[in-house]
Amino acid sequence: MRKYVVMGVQGSGKGTQSALLSKAFDLVHISVGDIFRWHVQHHTKLGAQVRRIMSAGELVGDDLVEAVVRDRLQMHDWNYGFVIDGFPRNGRQAEFFLESYDIDGVIHLDLPDEEVRRRVLNRRLCTRCGMDYNLIADRPEVEGRCDVCGGELVTRADDTPEALASRLREYHSKTRPVLDIFRRKEYVVNVDARPDPETVQREIRKLLGLPVD
Ligand code: AMP
């Protein structure tokens, strides 16, 4: 059983790296942001509660987040383990998590704020299948259309300069202390998130002592 947490500022590749790791080792990928986005898109009651908070780039309340994480992990479909990304994002969430689950490693994707801005403001998301694009490094073949399913590509509601500035502030003030909690327990591996996704993935596996190929 392998249980990992992926942390990093927006645009650092948490989703991409978690997906690569989960696929290779049969782990369940749990993204709290994706769960919330699903609810917003499907106009559920939870979606209505979080929509405005998310598009302002603010953090959803801890009670709600913890309930979502608890429900998701209670599905127990993670026979070989899980990779959770976007959680925990503050000290309280970290304490809650550590009380209930033991973890094998925390992957910290390190990216300077300047690079975050460049990536995030060029990010596009498929409205149908959720595939992520970047207009600099990973352009779709047909402008505005998903290569995989043909769905429409849009900018995430929280990928505006204002929301990004707010998320960067939140990250530095609230999420950094989480890393310190994990660091004290010696769980954390630091990975430079600037290279291409394959290189970053190789580095993650090397640092976690996992087979690289
Ligand atoms: P992400 O896709 O991880 O960037 O998450 C998108 C948005 O969902 C965040 O900006 C928050 O509004 C909300 N969110 C996701 N994870 C959390 C969390 N652990 N705590 C609070 N809010 C969260």
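**View 1. The loop that holds P88, with its cis peptide bond.** In this predicted model, P88 sits in the loop that links strand β3 (81–85) to helix α5 (91–100). Look at the bond that joins P88 to F87: it is a cis peptide bond. Its omega angle is about -5 degrees. To find the spot, follow the chain from β3 towards α5 and stop in the loop between them.

**View 2. The ligand and the residues around it.** How many residues surround the ligand? There are 16, and the closest are R37, E58, G86, R89 and Q93. Helix α2 (residues 32–41) gives the largest share of this shell, with four residues. Sorted by class, the shell is made up of seven nonpolar, six charged and three polar residues.

**View 3. Three polar contacts with the ligand.** Let's zoom in on individual atoms. R37 places a polar side-chain atom 2.9 Å from an oxygen atom of the ligand. E58 uses its backbone instead: one of its backbone N or O atoms is 2.5 Å from a ligand oxygen atom. With Q93, the ligand atom is a nitrogen, and it lies 3.0 Å from an N or O atom in the Q93 side chain. How much of the ligand's accessible area does the protein cover? On its own the ligand has 480 Å² of accessible area, and the protein covers 98% of it.

**View 4. G57, a buried glycine in a loop.** G57 belongs to the loop between helices α3 (45–55) and α4 (62–73). Is G57 buried or exposed? Its relative accessible area is 3%, so G57 counts as buried. Leaving out residues up to four places away in sequence, G57 touches D158, A163, S166, R167 and E170. The fold also brings together parts that are far apart along the chain: G57 and D159 are separated by 102 residues in sequence, yet their C-alpha atoms are 8.2 Å apart.

**View 5. S166 reaching towards G57.** Here we look at one of the partners of G57. S166 is part of helix α7 (residues 161–184). Why is S166 called buried? Its relative accessible area is 13%, and buried means under 20%, so S166 falls in that class. The S166 side chain reaches the backbone oxygen of G57 at 3.5 Å. Apart from residues up to four places away in sequence, S166 touches A56, G57 and E58. You have already met E58 in View 3, where a backbone atom of E58 lies 2.5 Å from a ligand oxygen.

**View 6. Four cysteines annotated as a binding site.** An unreviewed UniProt entry gives the annotation "binding site" to C126, C129, C146 and C149. These four are spread over 24 residues of sequence, but they cluster in space, with a largest C-alpha distance of 8.6 Å. The unreviewed entry also lists residues 123–158 as "domain: Adenylate kinase active site lid". That span is 25% strand and 0% helix, and the C-alpha atoms at its two ends lie 11 Å apart.

**View 7. C126 and C129, side by side for comparison.** Where does each of these two cysteines sit? C126 is in strand β5 (residues 123–126), while C129 is in the loop between β5 and β6 (132–134). C126 has a relative accessible area of 3%, so it is buried. C129, at 41% relative accessibility, counts as partly exposed. Again setting aside residues up to four places away in sequence, C129 is in contact with C146 and C149. C126 touches C146 and C149 as well, along with M131, G151, E152 and L153.

**View 8. Two residues with a positive phi.** Finally, have a look at the backbone of D26 and H43. D26 is not a glycine, yet its phi is positive, at about 60 degrees. D26 is found in the loop between α1 (14–25) and β2 (28–31), and with a relative accessible area of 52% it is exposed. H43 is not a glycine either, and it has a positive phi of about 50 degrees. This residue lies in the loop between α2 and α3. H43 is exposed too, with a relative accessibility of 72%.

Key
Residues are numbered from 1 along each chain as its sequence is written. This is a predicted model: local features need pLDDT of at least 70, side-chain atom pairs count only at pLDDT 80 or more; totals for chains, interfaces and linings use all residues. Side-chain values use heavy atoms; hydrogens and water are left out. UniProt positions are given in the numbering used here, feature names are shortened, and annotations may be inferred rather than shown by experiment. Buried means under 20% relative accessible area, exposed over 50%, partly exposed in between (1.4 Å probe, protein chains only). Contact means heavy atoms within 4.5 Å. A residue is near a molecule or strand if one of its heavy atoms lies within 4 Å of it. A polar contact is a pair of N or O atoms within 3.5 Å; within protein, one must be able to donate a hydrogen and the other to accept it, and residues adjacent in sequence count only if both atoms are side-chain atoms. Accessible areas come from the Shrake-Rupley method with a 1.4 Å probe; for residues, only the protein chains shown count as cover. Ala, Val, Leu, Ile, Met, Phe, Trp, Tyr, Cys and Pro count as nonpolar, Asp, Glu, Lys and Arg as charged, and the others, Gly among them, as polar.
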